[in-house]
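Biologist: Could you take a close look at one part of this model for me, the open sheet and whatever packs on it? Then walk me outward from there to the other spots worth a glance.

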Amino acid sequence: MNNEQELDIRQIIKTMIKRRTILLYIMIASLILGVIYTFIINRPKYQSTSKILIDKNAASIAEYVNSNDIITEVAIGLNISKNRVQGAVIAEFDAKTMVITITSSSTSNQEAYDIIMKYNEVLKSKLETTYGVKVYTPIEQAQVSNSAYNVTYMKDLLMFLVGGVVVCGVYSIYLVMFSGDNIYSAIENSKTTFLGKVDKEEKAKTKVKSYISKNEITIAQVKRIMTSIELNKRLTRPKSILVTGTNYEVGSTYLVSNLAIRYSKIGKKVLVIDSNFEKGILNKIFNIKTEKGLTDLVASKQINMESIAKVIKQSPINNIYVLPSGEEAIDEELLISEKVSEIIKIVTDQFDVVIIDGEPILKQITSYGWASSVNATVIVAEYAKTRIEDIVKAKHIITDVNGKVSGVVVNKAE
């Protein structure tokens, strides 16, 4: 067994221990369902069987012994419904041995016996009239059964308990494979630094003000993430940081906005670059009126401090400046050109911290250029939605373009 398989087993066991209360409830529910099925739904049924030897072996007798005429006459004779007789009786004829086997079943042992006796009576009369049968000799007499044939209490209860065990196993495996809890161990196993988490916070998507959290818990969590980025052993105090996700809507813009606030609070002069063209709302979040921005800068012939200064806007929040996404439509290849590294070199000389809100690195190549130019890249994963393999892919892409991964932030945690 390889290490990955052993790890999976350990994770399953750890998950089962952690969720033992839920698993116990599943087993109790399985036992209760078993009791309900065994003693209420699965009512005891009784059988009576009779075997008769006749002196005819016509092939059509096999069909006749179950004919509608016989069933109807039995129902009338016993004053019960035809459907009840039809569902209770099975009659079979073996032409080789000329033996008719009749079996009746019912929730009442007396009714099962009465049906088979009446069936014998009607069948004998019909066979004598229709086929000229002269010999109708019972070789096995019907009896009133005192024990139900379908009652297997222990077997039924055991079946439901086994079902409960299976459900517990499937539930535990599901949690290991798809639950958000598993993302933490996955980050650890991929040898990537876990920078921290941000709890899920209800916010109206249409209100840009909600991107800057005032929740004390969230503020504390973003502080810890900032500290983890600053004190990363491999990438201490990076001046330029790319924040990117593995997919859309994982919360990279939310993290960028709140990181910028935290950095500004400790006296850092912060530049936020909006390279997330899918949203492009950092100017609205920081209440900036803008005409030109990043795309206009990249599309220009010359990039220098003067051209950059023209498109950078100071926000109403102290120490925070914004380079908006821009108005001009450009080819995405321009954002993986040397112009990106030129921008980073110039702005890092003017600002203490530069934070880039990048597009998802698995979806757009625009983040490749930033990843190869900045000091550190933060990967944002969404709790219970981001796939483990996507985190690994993102890390590989960043390292393949000579980028440096600071770590992973789990957003919308529960």
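**A walk around the sheet and beyond**

Modeller: Sure, bearing in mind that this is a predicted model. Let me start away from the sheet, at Ile317, which sits in the loop linking strand S8 (313-314) to strand S9 (320-323). Ile317 is partly exposed, because its relative accessibility is 29%, and the cut-offs for that class are 20% and 50%. Skipping neighbours within four places in sequence, Ile317 touches Ile212, Ile261, Ser264 and Phe286. Why begin there? It gives us a long ruler: 105 Å separates the C-alpha atom of Ile317 from that of Tyr136, with the two positions 181 residues apart along the chain.

Tyr136 takes us to your sheet, since the bridge partner of Ile54 in S4 is Tyr136. The sheet itself is open, with 4 strands in the order S2-S3-S1-S4 and antiparallel pairing. Strand S2 (89-94) and strand S4 (136-140) are the edges: each has a single partner strand, so one side of each has no neighbour in the sheet. On average, neighbouring strands here are turned by 25 degrees against each other, ignoring direction. As for the pairing of S4, strand S1 (residues 46-54) joins it in the antiparallel sense over 4 bridges. And what packs on the sheet? Helix H6 (residues 109-131) lies across S1, S2, strand S3 (99-106) and S4, at about 150 degrees to S3.

Next, the greasy bit of surface. A nonpolar patch of about 1200 Å² is built from residues including Leu24, Ile28, Phe39 and Tyr153. Helix H2 (residues 20-41) supplies the largest share, 11 residues. Val35 is one of the patch members, and its place is in helix H2. With a relative accessible area of 37%, Val35 counts as partly exposed.

Finally, two backbone oddities for you to check in the viewer. Arg237 is not a glycine, yet has a positive phi of about 45 degrees. You'll find Arg237 in the loop between helix H9 (216-230) and strand S6 (240-245), and it is exposed, because its relative accessibility is 51%. Asn287 also has a positive phi without being a glycine, near 55 degrees. Asn287 belongs to the loop between helix H11 (282-285) and helix H12 (294-299), and its 61% relative accessibility makes it exposed.

Note on methods. Residues are numbered from 1 along each chain as its sequence is written. This is a predicted model: local features need pLDDT of at least 70, side-chain atom pairs count only at pLDDT 80 or more; totals for chains, interfaces and linings use all residues. Side-chain values use heavy atoms; hydrogens and water are left out. Buried means under 20% relative accessible area, exposed over 50%, partly exposed in between (1.4 Å probe, protein chains only). Contact means heavy atoms within 4.5 Å. Patches are made of residues with over 30% relative accessible area and no salt bridge: like charges are joined within 9 Å, nonpolar side chains (Val, Leu, Ile, Met, Phe, Trp, Tyr) within 5 Å. Accessible areas come from the Shrake-Rupley method with a 1.4 Å probe; for residues, only the protein chains shown count as cover. A salt bridge is a side-chain nitrogen of Lys or Arg within 4 Å of a carboxyl oxygen of Asp or Glu. Two strands pair if DSSP finds at least two bridges between them. Axes are lines fitted to C-alpha atoms, for helices over the stretch in contact, and angles run from 0 to 180 degrees between N-to-C directions.
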